[in-house]
Amino acid sequence: MTKINTGQNNKAPLWLFSFVQAGFWMSFCVSVSFAAVYLQALAYSNSALGLILALGSTVGVTVSLALSAWIDSNTKITAKKLIPCILAFQTVSAVILFLINQRCFAVSAAFVAYIGFCTVVNSLSLKLYADAEQAGYGIDYGFTRGVGSVAYVLISVVLGFLIEKISCRALPGTGLILCAVQYLAFFLFARYAVAGKKAGTFGERNSSLPVFLKNHPRYALFLTGVVLIYFGHSTACNFLINLTRHVGGDASDMGMINAFKGMVEIPMMFLYARFFSKGRHARALRISAVFFEIKLLAFILSANVWHLTAGFIFQAPSYALYMTAVVPYVEETIDYQDSAKAQSLAFTTTTFGGMLASLIGGRLYDTLPVTSTLWIAFAVGAAGMVIMFLGTRKTEQS
(Lines give C-alpha, C1' and ligand atoms only; values in the text may rest on other atoms or scores of the structure.)
Protein backbone atom coordinates (compact mmCIF):
# COMPACT_ATOMS: atom_id res chain seq x y z
CA MET A 1 0.00 0.00 0.00
CA THR A 2 1.86 3.11 -1.26
CA LYS A 3 1.13 6.48 0.25
CA ILE A 4 1.17 9.70 -1.71
CA ASN A 5 4.34 11.58 -0.94
CA THR A 6 3.57 15.25 -0.66
CA GLY A 7 6.64 16.17 1.29
CA GLN A 8 4.46 17.65 3.98
CA ASN A 9 5.88 17.19 7.47
CA ASN A 10 4.52 20.23 9.31
CA LYS A 11 2.76 19.87 12.64
CA ALA A 12 -0.50 21.55 11.65
CA PRO A 13 -2.33 18.30 10.68
CA LEU A 14 -1.22 16.67 13.95
CA TRP A 15 -2.58 19.46 16.12
CA LEU A 16 -5.72 19.94 14.08
CA PHE A 17 -6.63 16.26 14.20
CA SER A 18 -5.94 16.48 17.94
CA PHE A 19 -8.58 19.24 17.97
CA VAL A 20 -10.96 16.89 16.12
CA GLN A 21 -10.33 14.17 18.73
CA ALA A 22 -10.84 16.64 21.59
CA GLY A 23 -14.21 17.70 20.16
CA PHE A 24 -15.44 14.15 19.83
CA TRP A 25 -14.33 12.89 23.25
CA MET A 26 -15.88 15.86 25.01
CA SER A 27 -19.14 15.13 23.16
CA PHE A 28 -18.82 11.45 24.09
CA CYS A 29 -18.46 12.43 27.74
CA VAL A 30 -21.66 14.47 27.52
CA SER A 31 -23.71 11.92 25.59
CA VAL A 32 -22.56 8.62 27.15
CA SER A 33 -20.46 9.07 30.30
CA PHE A 34 -22.97 11.46 31.92
CA ALA A 35 -26.10 10.02 30.30
CA ALA A 36 -27.10 8.15 33.46
CA VAL A 37 -26.79 11.28 35.61
CA TYR A 38 -28.89 13.37 33.22
CA LEU A 39 -31.61 10.85 32.41
CA GLN A 40 -31.99 9.61 35.99
CA ALA A 41 -32.47 13.25 37.04
CA LEU A 42 -35.43 13.33 34.62
CA ALA A 43 -36.89 10.20 36.32
CA TYR A 44 -35.78 7.63 33.73
CA SER A 45 -35.23 4.14 35.11
CA ASN A 46 -32.05 2.16 34.52
CA SER A 47 -33.91 0.05 31.95
CA ALA A 48 -35.16 3.13 30.10
CA LEU A 49 -31.68 4.64 30.25
CA GLY A 50 -30.22 1.43 28.84
CA LEU A 51 -32.76 1.39 26.03
CA ILE A 52 -31.93 4.98 25.05
CA LEU A 53 -28.19 4.27 25.06
CA ALA A 54 -28.76 1.08 23.06
CA LEU A 55 -30.90 2.83 20.46
CA GLY A 56 -28.37 5.64 20.17
CA SER A 57 -25.62 3.10 19.60
CA THR A 58 -27.77 1.28 17.04
CA VAL A 59 -28.30 4.50 15.09
CA GLY A 60 -24.58 5.22 15.25
CA VAL A 61 -23.51 1.74 14.15
CA THR A 62 -26.06 1.46 11.35
CA VAL A 63 -25.48 4.89 9.86
CA SER A 64 -21.69 4.67 10.24
CA LEU A 65 -21.46 1.36 8.41
CA ALA A 66 -23.85 2.46 5.67
CA LEU A 67 -22.02 5.73 5.03
CA SER A 68 -18.58 4.07 5.18
CA ALA A 69 -19.62 1.48 2.60
CA TRP A 70 -21.00 4.30 0.44
CA ILE A 71 -17.72 6.22 0.67
CA ASP A 72 -15.69 3.15 -0.34
CA SER A 73 -17.93 2.41 -3.33
CA ASN A 74 -18.60 5.91 -4.71
CA THR A 75 -15.81 8.21 -5.87
CA LYS A 76 -18.02 11.30 -5.50
CA ILE A 77 -18.82 10.70 -1.83
CA THR A 78 -16.24 11.57 0.82
CA ALA A 79 -16.17 11.89 4.58
CA LYS A 80 -15.34 15.56 4.09
CA LYS A 81 -18.71 16.13 2.40
CA LEU A 82 -20.77 14.10 4.86
CA ILE A 83 -19.49 15.28 8.24
CA PRO A 84 -21.07 18.81 8.12
CA CYS A 85 -24.48 17.24 7.43
CA ILE A 86 -24.15 14.82 10.35
CA LEU A 87 -23.01 17.62 12.66
CA ALA A 88 -26.11 19.60 11.69
CA PHE A 89 -28.35 16.73 12.89
CA GLN A 90 -26.31 16.46 16.09
CA THR A 91 -26.77 20.20 16.71
CA VAL A 92 -30.55 20.02 16.24
CA SER A 93 -30.77 17.19 18.79
CA ALA A 94 -28.74 19.24 21.29
CA VAL A 95 -31.08 22.21 20.82
CA ILE A 96 -34.12 20.02 21.59
CA LEU A 97 -32.49 18.68 24.76
CA PHE A 98 -31.62 22.21 25.84
CA LEU A 99 -35.16 23.53 25.31
CA ILE A 100 -37.11 20.63 26.87
CA ASN A 101 -36.31 19.66 30.46
CA GLN A 102 -38.69 16.82 31.25
CA ARG A 103 -39.17 13.14 30.57
CA CYS A 104 -40.96 12.82 27.24
CA PHE A 105 -40.66 11.22 23.82
CA ALA A 106 -38.95 14.29 22.31
CA VAL A 107 -36.15 14.17 24.91
CA SER A 108 -35.71 10.42 24.48
CA ALA A 109 -35.55 10.72 20.68
CA ALA A 110 -33.18 13.70 20.84
CA PHE A 111 -30.83 11.89 23.21
CA VAL A 112 -30.81 8.85 20.92
CA ALA A 113 -30.02 11.13 17.97
CA TYR A 114 -27.22 12.98 19.80
CA ILE A 115 -25.50 9.72 20.74
CA GLY A 116 -25.97 8.26 17.27
CA PHE A 117 -24.72 11.22 15.27
CA CYS A 118 -21.83 11.77 17.67
CA THR A 119 -20.75 8.20 16.90
CA VAL A 120 -21.08 8.75 13.15
CA VAL A 121 -18.95 11.90 13.23
CA ASN A 122 -16.12 10.01 14.94
CA SER A 123 -16.35 7.10 12.50
CA LEU A 124 -16.10 9.46 9.51
CA SER A 125 -13.30 11.42 11.20
CA LEU A 126 -11.20 8.24 11.24
CA LYS A 127 -11.65 8.12 7.46
CA LEU A 128 -10.37 11.71 7.31
CA TYR A 129 -7.34 10.55 9.31
CA ALA A 130 -6.73 7.72 6.82
CA ASP A 131 -7.06 10.19 3.92
CA ALA A 132 -4.56 12.58 5.50
CA GLU A 133 -2.12 9.70 6.10
CA GLN A 134 -2.56 8.55 2.51
CA ALA A 135 -1.85 12.08 1.33
CA GLY A 136 1.53 11.95 3.04
CA TYR A 137 0.91 13.73 6.33
CA GLY A 138 2.44 11.72 9.15
CA ILE A 139 0.06 11.95 12.11
CA ASP A 140 0.82 10.22 15.40
CA TYR A 141 -2.64 8.84 16.21
CA GLY A 142 -1.65 8.00 19.79
CA PHE A 143 -0.74 11.63 20.43
CA THR A 144 -4.02 12.94 19.01
CA ARG A 145 -6.00 10.40 21.01
CA GLY A 146 -4.09 11.49 24.12
CA VAL A 147 -5.18 15.06 23.52
CA GLY A 148 -8.74 13.71 23.30
CA SER A 149 -8.31 12.19 26.75
CA VAL A 150 -7.01 15.48 28.15
CA ALA A 151 -10.15 17.15 26.84
CA TYR A 152 -12.26 14.34 28.35
CA VAL A 153 -10.65 14.92 31.74
CA LEU A 154 -11.35 18.64 31.65
CA ILE A 155 -14.96 18.32 30.57
CA SER A 156 -15.61 15.58 33.17
CA VAL A 157 -14.50 17.86 36.00
CA VAL A 158 -16.48 20.80 34.61
CA LEU A 159 -19.67 18.76 34.10
CA GLY A 160 -19.50 17.16 37.55
CA PHE A 161 -19.20 20.61 39.11
CA LEU A 162 -21.91 22.23 36.97
CA ILE A 163 -24.44 19.47 37.53
CA GLU A 164 -23.98 19.61 41.31
CA LYS A 165 -23.97 23.43 41.52
CA ILE A 166 -26.54 24.29 38.85
CA SER A 167 -28.62 21.38 37.49
CA CYS A 168 -28.63 18.62 34.91
CA ARG A 169 -29.56 21.29 32.31
CA ALA A 170 -25.84 22.03 32.15
CA LEU A 171 -25.43 18.83 30.15
CA PRO A 172 -27.38 19.72 26.96
CA GLY A 173 -26.07 23.28 27.15
CA THR A 174 -22.53 21.97 27.12
CA GLY A 175 -23.43 19.57 24.31
CA LEU A 176 -24.64 22.45 22.17
CA ILE A 177 -21.40 24.37 22.68
CA LEU A 178 -19.42 21.27 21.76
CA CYS A 179 -21.25 20.96 18.44
CA ALA A 180 -19.79 24.36 17.53
CA VAL A 181 -16.34 23.17 18.66
CA GLN A 182 -16.63 20.11 16.40
CA TYR A 183 -17.69 22.24 13.42
CA LEU A 184 -14.59 24.39 13.86
CA ALA A 185 -12.26 21.41 14.32
CA PHE A 186 -13.59 19.72 11.19
CA PHE A 187 -13.34 22.88 9.09
CA LEU A 188 -9.71 23.43 10.05
CA PHE A 189 -8.57 19.83 9.54
CA ALA A 190 -10.57 18.93 6.41
CA ARG A 191 -8.19 20.62 3.96
CA TYR A 192 -5.47 18.10 4.85
CA ALA A 193 -7.72 15.08 4.18
CA VAL A 194 -7.30 14.33 0.46
CA ALA A 195 -9.24 11.19 -0.44
CA GLY A 196 -7.00 8.57 -2.05
CA LYS A 197 -9.52 7.97 -4.83
CA LYS A 198 -8.77 11.48 -6.04
CA ALA A 199 -5.06 10.92 -5.99
CA GLY A 200 -4.55 7.98 -8.26
CA THR A 201 -6.41 5.03 -6.80
CA PHE A 202 -9.29 5.06 -9.29
CA GLY A 203 -10.07 1.61 -10.55
CA GLU A 204 -9.02 -0.22 -7.41
CA ARG A 205 -11.71 -2.66 -6.40
CA ASN A 206 -13.38 -2.52 -3.04
CA SER A 207 -15.80 -5.01 -1.59
CA SER A 208 -19.26 -4.82 -0.09
CA LEU A 209 -19.50 -5.21 3.68
CA PRO A 210 -20.58 -8.91 3.65
CA VAL A 211 -17.88 -9.79 1.09
CA PHE A 212 -15.28 -7.84 3.08
CA LEU A 213 -16.03 -9.80 6.26
CA LYS A 214 -16.04 -13.09 4.33
CA ASN A 215 -12.62 -12.27 2.85
CA HIS A 216 -11.20 -11.28 6.27
CA PRO A 217 -12.36 -14.06 8.65
CA ARG A 218 -9.73 -13.35 11.30
CA TYR A 219 -10.65 -9.69 11.33
CA ALA A 220 -14.31 -10.69 11.74
CA LEU A 221 -13.30 -12.94 14.64
CA PHE A 222 -11.33 -10.11 16.20
CA LEU A 223 -14.37 -7.83 15.95
CA THR A 224 -16.55 -10.45 17.67
CA GLY A 225 -14.12 -10.53 20.57
CA VAL A 226 -14.18 -6.74 20.78
CA VAL A 227 -17.98 -6.72 21.07
CA LEU A 228 -17.87 -9.05 24.09
CA ILE A 229 -14.97 -7.23 25.74
CA TYR A 230 -16.77 -3.93 25.35
CA PHE A 231 -19.94 -5.40 26.75
CA GLY A 232 -18.06 -6.01 29.98
CA HIS A 233 -16.31 -2.64 29.88
CA SER A 234 -19.47 -0.65 29.12
CA THR A 235 -21.62 -2.46 31.66
CA ALA A 236 -19.38 -0.80 34.24
CA CYS A 237 -18.55 2.53 32.60
CA ASN A 238 -21.93 3.41 31.06
CA PHE A 239 -23.49 2.99 34.52
CA LEU A 240 -20.61 4.46 36.48
CA ILE A 241 -23.01 6.50 38.60
CA ASN A 242 -24.51 3.19 39.82
CA LEU A 243 -21.07 1.91 40.81
CA THR A 244 -20.23 5.24 42.45
CA ARG A 245 -23.42 5.28 44.51
CA HIS A 246 -22.90 1.61 45.39
CA VAL A 247 -19.63 2.54 47.16
CA GLY A 248 -21.12 5.68 48.78
CA GLY A 249 -20.37 8.44 46.24
CA ASP A 250 -22.42 10.98 44.24
CA ALA A 251 -22.36 12.78 40.84
CA SER A 252 -19.50 15.02 41.92
CA ASP A 253 -17.45 11.96 42.87
CA MET A 254 -18.30 10.42 39.51
CA GLY A 255 -17.03 13.52 37.74
CA MET A 256 -13.72 13.24 39.58
CA ILE A 257 -13.53 9.51 38.83
CA ASN A 258 -14.11 10.25 35.14
CA ALA A 259 -11.36 12.86 35.29
CA PHE A 260 -8.95 10.40 36.92
CA LYS A 261 -9.90 7.79 34.34
CA GLY A 262 -9.03 10.18 31.53
CA MET A 263 -5.77 11.26 33.18
CA VAL A 264 -4.38 7.74 33.47
CA GLU A 265 -5.08 7.17 29.76
CA ILE A 266 -2.90 10.06 28.63
CA PRO A 267 0.65 8.72 29.18
CA MET A 268 -0.19 5.45 27.41
CA MET A 269 -1.53 7.27 24.38
CA PHE A 270 1.34 9.74 24.14
CA LEU A 271 4.02 7.04 24.59
CA TYR A 272 2.40 4.23 22.60
CA ALA A 273 4.64 4.61 19.53
CA ARG A 274 7.77 4.14 21.65
CA PHE A 275 6.72 0.70 22.87
CA PHE A 276 4.67 -0.71 19.99
CA SER A 277 6.19 -0.25 16.57
CA LYS A 278 4.83 -1.45 13.23
CA GLY A 279 3.89 -5.13 13.35
CA ARG A 280 3.33 -5.17 17.12
CA HIS A 281 -0.13 -3.62 17.27
CA ALA A 282 -1.75 -7.08 17.60
CA ARG A 283 0.33 -7.71 20.73
CA ALA A 284 -0.90 -4.42 22.17
CA LEU A 285 -4.50 -5.41 21.50
CA ARG A 286 -4.06 -8.74 23.29
CA ILE A 287 -2.48 -7.06 26.31
CA SER A 288 -5.40 -4.65 26.46
CA ALA A 289 -7.89 -7.54 26.45
CA VAL A 290 -6.27 -9.03 29.56
CA PHE A 291 -6.34 -5.73 31.44
CA PHE A 292 -10.00 -5.09 30.60
CA GLU A 293 -10.70 -8.16 32.75
CA ILE A 294 -8.32 -7.14 35.53
CA LYS A 295 -10.04 -3.74 35.68
CA LEU A 296 -13.47 -5.32 36.08
CA LEU A 297 -12.16 -7.51 38.87
CA ALA A 298 -10.86 -4.38 40.64
CA PHE A 299 -14.34 -2.82 40.41
CA ILE A 300 -15.94 -5.95 41.87
CA LEU A 301 -13.59 -5.80 44.85
CA SER A 302 -14.06 -2.05 45.49
CA ALA A 303 -15.46 -1.12 48.91
CA ASN A 304 -15.41 2.69 48.72
CA VAL A 305 -14.93 5.62 46.33
CA TRP A 306 -11.15 5.51 46.70
CA HIS A 307 -11.02 1.82 45.80
CA LEU A 308 -13.25 2.40 42.78
CA THR A 309 -11.08 5.31 41.66
CA ALA A 310 -7.91 3.26 42.09
CA GLY A 311 -9.42 0.52 39.92
CA PHE A 312 -9.27 2.91 36.99
CA ILE A 313 -5.46 2.72 37.07
CA PHE A 314 -6.06 -0.27 34.77
CA GLN A 315 -7.77 2.06 32.29
CA ALA A 316 -4.33 2.77 30.80
CA PRO A 317 -3.33 -0.78 29.78
CA SER A 318 -6.92 -1.72 28.83
CA TYR A 319 -9.06 0.96 27.21
CA ALA A 320 -6.30 3.45 26.39
CA LEU A 321 -4.05 0.77 24.91
CA TYR A 322 -6.88 -0.67 22.81
CA MET A 323 -8.07 2.68 21.47
CA THR A 324 -4.52 3.69 20.52
CA ALA A 325 -3.56 0.37 18.93
CA VAL A 326 -6.67 -0.41 16.92
CA VAL A 327 -6.40 2.39 14.33
CA PRO A 328 -2.80 1.62 13.23
CA TYR A 329 -3.62 -2.11 13.47
CA VAL A 330 -6.42 -1.68 10.95
CA GLU A 331 -4.32 0.61 8.77
CA GLU A 332 -1.55 -1.97 8.37
CA THR A 333 -3.87 -5.00 8.18
CA ILE A 334 -6.52 -3.84 5.69
CA ASP A 335 -6.02 -2.41 2.18
CA TYR A 336 -6.64 1.32 1.80
CA GLN A 337 -9.59 0.91 -0.62
CA ASP A 338 -11.49 -0.83 2.20
CA SER A 339 -10.23 1.50 4.94
CA ALA A 340 -13.50 3.34 5.56
CA LYS A 341 -15.36 0.09 6.20
CA ALA A 342 -12.57 -1.40 8.29
CA GLN A 343 -12.06 1.67 10.50
CA SER A 344 -15.81 2.08 10.87
CA LEU A 345 -16.19 -1.56 11.88
CA ALA A 346 -13.38 -1.26 14.41
CA PHE A 347 -15.14 1.64 16.10
CA THR A 348 -18.75 0.55 15.66
CA THR A 349 -18.11 -2.87 17.19
CA THR A 350 -17.08 -1.11 20.41
CA THR A 351 -20.27 0.90 20.11
CA PHE A 352 -22.28 -2.27 19.50
CA GLY A 353 -20.76 -3.82 22.61
CA GLY A 354 -21.76 -0.69 24.50
CA MET A 355 -25.24 -0.91 23.05
CA LEU A 356 -25.69 -4.47 24.33
CA ALA A 357 -24.33 -3.40 27.70
CA SER A 358 -26.78 -0.51 27.86
CA LEU A 359 -29.74 -2.65 26.92
CA ILE A 360 -28.94 -5.71 29.01
CA GLY A 361 -26.95 -3.95 31.73
CA GLY A 362 -29.76 -1.51 32.49
CA ARG A 363 -32.09 -4.45 33.11
CA LEU A 364 -29.47 -6.23 35.20
CA TYR A 365 -28.92 -3.18 37.43
CA ASP A 366 -32.69 -2.94 37.97
CA THR A 367 -32.98 -6.59 39.01
CA LEU A 368 -29.61 -7.63 40.48
CA PRO A 369 -27.09 -6.16 42.93
CA VAL A 370 -24.25 -4.15 41.42
CA THR A 371 -21.66 -6.81 42.28
CA SER A 372 -23.66 -9.59 40.60
CA THR A 373 -24.03 -7.48 37.47
CA LEU A 374 -20.28 -6.87 37.35
CA TRP A 375 -19.55 -10.61 37.65
CA ILE A 376 -21.73 -11.23 34.59
CA ALA A 377 -19.83 -8.48 32.76
CA PHE A 378 -16.56 -10.13 33.77
CA ALA A 379 -17.63 -13.52 32.39
CA VAL A 380 -18.73 -12.09 29.04
CA GLY A 381 -15.53 -10.06 28.75
CA ALA A 382 -13.42 -13.17 29.45
CA ALA A 383 -15.04 -14.94 26.50
CA GLY A 384 -14.28 -11.89 24.34
CA MET A 385 -10.64 -11.94 25.45
CA VAL A 386 -10.23 -15.53 24.24
CA ILE A 387 -11.87 -14.76 20.89
CA MET A 388 -9.70 -11.66 20.37
CA PHE A 389 -6.57 -13.77 20.97
CA LEU A 390 -7.73 -16.17 18.25
CA GLY A 391 -8.51 -13.32 15.85
CA THR A 392 -5.11 -11.62 16.17
CA ARG A 393 -2.67 -14.48 16.73
CA LYS A 394 -1.37 -14.65 13.13
CA THR A 395 -1.20 -10.92 12.40
CA GLU A 396 1.77 -9.94 14.54
CA GLN A 397 5.27 -9.64 13.14
CA SER A 398 7.91 -10.18 15.82
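This passage describes the internal cavities of a predicted model and the surroundings of one residue, Phe111. Local features need pLDDT of at least 70 and side-chain atom pairs count only at pLDDT 80 or more, while totals for chains, interfaces and linings use all residues. Residues are numbered from 1 along each chain as its sequence is written, and side-chain values use heavy atoms, with hydrogens and water left out.

Rolling a probe the size of a water molecule over the atoms shows where empty space is left. A cavity is a set of points, on a 1 Å grid over the protein atoms alone, where a 1.4 Å probe fits but cannot get out. Grid points are joined across faces, edges and corners, and a volume is the space filled by probe spheres set on the points. The structure contains 7 cavities of 30 Å³ or more, and the largest has a volume of about 410 Å³. Its lining (residues with an atom within 4 Å of a point) comprises 27 residues, of which Phe28, Val32, Ser234, Asn238 and Tyr319 are the closest to the centre. Among the helices (DSSP runs of H or I, at least four residues, numbered from the N terminus), α15 gives the most to this lining, with 5 residues.

Phe111 is placed in helix α5. Phe111 counts as buried (under 20% relative accessible area, 1.4 Å probe, protein chains only) because its relative accessibility is 3%. Its contacts (heavy atoms within 4.5 Å), leaving aside residues up to four places away in sequence, include Val30, Ser31, Ile52 and Leu171. The C-alpha atoms of Phe111 and Val32 are separated by 9.7 Å, with the two residues 79 apart along the chain.

Key: 1 Å grid on protein atoms, 1.4 Å probe; cavity = no way out; pocket = protein on both sides within 12 Å on 5 of 7 lines; lining within 4 Å. Helix = DSSP H or I, 4+ residues; strand = E, 2+ residues; numbered from the N terminus. Buried < 20%, exposed > 50% of the residue type's maximum accessible area, 1.4 Å probe, protein only.
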